[in-house]
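Here is a short report on one protein chain. Please look over the sequence and the fold before reading on.

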Amino acid sequence: MDKTVISKKDLASRWGCSTKAVEEREHMGLLKRCRGLPNVMYRMKEVYELEGLDEKDRRVISPFEYHQAVIRAENAEEKVKELRCKMARLAVIINGEMADEAERKVEA
C-alpha cells in the first residue's frame with residue numbers, strides 16, 4: 001500500500017536535498033505540514049504535485065531500477081553519437097558523389 005504521508009527527512013532524501021531546503025519550501029508555501037502528527041510529515045499528494053507526477057508515475061522505483069535506467073540512457077547516448085558519426089561520413093560521401101556528377105555535367 002502506498003504511503004499517504006512522508007517525513008521531512010525522507011522527503012529530503014527523496015529530493016536529494018537537505019531538510020533545511022524542505023523547510024524553505026514549506027516557508028514559501030509550497031508544502032503544508034500535516035497537523036496533529038507527532039513528527040513533521042507532509043502529504044504525498046502534495047509531494048507528487050510538486051514533482052509534477054501523474055497518478056501512473058507515483059510508483060517509486062527501486063535503486064536497481066534507477067541504475068538500469070541510467071545505464072539504458074548512457075547506452076542510448078552512445079548509440080546516438082555512433083549514428084551521428086555514420087551520418088556525417090555518409091554526408092561526406094554523398095557530397096563527393098554530387099561534386100563528381102556536377103563535374104561530369106560541366107565536362108559534357
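The report below goes from the whole chain to one helix pair, then to single residues.

## Overall fold

This is a predicted model. The chain holds four helices and two strands. Their order along the sequence is β-α-α-β-α-α.

Burial is computed for the whole chain. Of its 108 residues, 16% count as buried. The exposed area is about 9,000 Å². Carbon and sulfur atoms supply 56% of that area. Contacts across the sequence were also counted. Among those between residues at least 6 apart, 43% join residues at least 24 apart.

## Packing of α1 and α3

Helix α1 covers residues 8-15, and helix α3 covers residues 44-51. The two pack at an angle of about 20 degrees. Their axes lie 13 Å apart. Because angles under 35 degrees count as roughly parallel, α1 is roughly parallel to α3. The crossing of the two helices is right-handed.

Which residues make the contact? From α1 come Leu11, Arg14 and Trp15. From α3 come Met44, Val47, Tyr48, Leu50 and Glu51. By class, the contact of α1 with α3 has six nonpolar residues and two charged ones. No polar residue takes part.

## Helix α3 and its cover

Four residues of α3 are named as buried: Met44, Glu46, Val47 and Tyr48. Met44, Val47 and Tyr48 also appear in the contact with α1. What lies over the buried residues of α3? The cover includes strand β1 (5-7), helix α1 and strand β2 (41-43).

Just after α3 comes Gly52. Gly52 takes a positive phi of about 75 degrees.

## Lys8 in α1

Lys8 is found in helix α1. Is this lysine, Lys8, buried or exposed? Its relative accessibility is 17%. The cut-off for buried is under 20%, so Lys8 counts as buried.

Leave aside residues up to four places away in sequence, and Lys8 touches Thr19, Val22, Glu23, Val40 and Tyr42. Of these, Tyr42 falls within strand β2 (41-43). Strand β2 is also part of the cover over the buried residues of α3.

## Summary

Helix α1 recurs in this account. Helix α1 packs against α3 at about 20 degrees with a right-handed crossing. Helix α1 is also among the elements that cover the buried residues of α3. Lys8, a residue of α1, counts as buried at 17% relative accessibility.

Terms used
Residues numbered from 1 in each chain as written. Predicted model: local features only at pLDDT ≥ 70, side-chain atom pairs only at ≥ 80, totals over all residues. Heavy atoms only, no water. Axes fitted to C-alpha atoms, helices over the stretch in contact; angles between N-to-C directions. Parallel < 35°, antiparallel > 145°, perpendicular 65-115°, else oblique. Left-handed = near helix turned anticlockwise from the far one by under 90°. Contact = heavy atoms within 4.5 Å. Nonpolar A, V, L, I, M, F, W, Y, C, P; charged D, E, K, R; others polar. Buried < 20%, exposed > 50% of the residue type's maximum accessible area, 1.4 Å probe, protein only. Areas by Shrake-Rupley, 256 points an atom, 1.4 Å probe, with all protein chains shown as cover.
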